[in-house]
Amino acid sequence: MARTVATFTGRAERLAGDPEHRQRWPAVLARAVAALPELVELSFPLLARGGVLIAWKRGDVSTEATAAARAVLALGGGVLQTADVSVSGLSGHRLVIVTKTGSTPERFPRDPVVRRRSPW
């Protein structure tokens with residue numbers, strides 16, 4: 001089965017406002033972009049139900065995961081898991097995988113200024 005991969009250069013907020021892209025993507029991958037709660041807010045409006053956010057993180061992610069869990073609930077619900085990366089030279093790295101289970105309210109993602117003023 002052939003799969004199509006598409007990329008986009010620009011702000012996630014703009015893409016999430018486009019009906020062609022909103023809640024239609026099967027996956028969003030992120031590395032060194034933002035804290036996990038903000039990644040959830042930026043990616044969930046793009047993800048279809050059952051879609052996954054895969055975020056590459058380093059170190060202890062427990063504090064970020066706690067805040068991200070609040071964002072996940074507000075943005076459509078889902079399951080958050082972590083998996084250690086077992087690649088030589090990358091000890092302490094992990095993947096955070098968040099599977100979206102519901103629908104994301106239209107008010108998300110919020111403007112960057114609002115997100116910084118009212119973090120999760």
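E1, H2 and E2 form a right-handed β-α-β unit. The model is predicted. In this unit, strands E1 and E2 run parallel and are joined by six bridges. Tryptophan 25 faces leucine 47 of E2. Alanine 27 has valine 52 of E2 as its bridge partner.

**The sheet**

The unit belongs to an open sheet of four strands. Their order is E1-E2-E4-E3, with mixed pairing. E1 and strand E3 (78-84) are the edges. Each has a single partner strand, so one side of each lacks a neighbour in the sheet. On average, neighbouring strands are turned by 15 degrees against each other, direction ignored. Helix H2 packs on this sheet and touches E1, E2, E3 and E4. The direction of H2 makes about 150 degrees with that of E2.

E2 also pairs with E4, here in the antiparallel sense, over seven bridges. Arginine 58 stands opposite histidine 93 in E4. In general, sheet strands pair through backbone hydrogen bonds, in parallel or antiparallel fashion.

**The nonpolar core**

The largest nonpolar core has 22 residues. Leu39, Val40, Phe44 and Leu53 touch the most other members. Helix H1 (12-16), strand E1 (25-31), H2, E2, H3 and strand E4 (93-100) each give two or more residues to this core. Nonpolar side chains tend to be buried together in soluble globular proteins.

Valine 40 shows the reach of one such member. Beyond its neighbours within four places in sequence, valine 40 is in contact with Pro45, Leu53, Ala68, Ala71, Val72 and Leu75.

**Three polar residues**

Which of the residues serine 43, glutamate 38 and aspartate 60 are buried, and which are exposed? The table gives the values.

| Residue | Place | Relative accessibility | State |
|---|---|---|---|
| Serine 43 | helix H2 (residues 36-43) | 2% | buried |
| Glutamate 38 | helix H2 | 19% | buried |
| Aspartate 60 | loop between E2 (47-58) and H3 (62-74) | 66% | exposed |

Serine 43 counts as buried because its relative accessibility is 2%, and the cut-off for buried is under 20%. What does its side chain reach? The side chain of serine 43 reaches the backbone oxygen of leucine 39 at 2.8 Å. Leucine 39 is itself among the core residues that touch the most other members. Leaving aside neighbours within four places in sequence, serine 43 is in contact with Val28 and Leu53.

Glutamate 38 also lies in helix H2. Its relative accessible area is 19%, so glutamate 38 falls under the 20% cut-off and is buried. Which residues does glutamate 38 touch, not counting those up to four places away in sequence? They are Arg115 and Arg116.

Aspartate 60 sits in the loop between strand E2 and helix H3. Aspartate 60 is exposed because its relative accessible area of 66% is over the 50% cut-off. Its side chain makes a polar contact of 2.9 Å with the side chain of serine 62. How far is aspartate 60 from threonine 9 in space, C-alpha to C-alpha? The distance is 30 Å, with their places 51 residues apart in sequence.

**In brief**

H2 packs on the sheet and holds both serine 43 and glutamate 38. E2 pairs with E1 in parallel and with E4 in the antiparallel sense. Leu53 is one of the core residues that touch the most other members, and Leu53 is also in contact with serine 43 and valine 40.

Note on methods. Residues numbered from 1 in each chain as written. Predicted model: local features only at pLDDT ≥ 70, side-chain atom pairs only at ≥ 80, totals over all residues. Heavy atoms only, no water. Buried < 20%, exposed > 50% of the residue type's maximum accessible area, 1.4 Å probe, protein only. Polar contact = N/O pair within 3.5 Å; in protein donor to acceptor, adjacent residues only side chain to side chain. Contact = heavy atoms within 4.5 Å. Core = buried A, V, L, I, M, F, W, Y, C linked by side-chain atoms within 4.5 Å. Pairing = 2+ DSSP bridges. Axes fitted to C-alpha atoms, helices over the stretch in contact; angles between N-to-C directions. Right-handed = clockwise from strand over helix to strand, strands pointing away.
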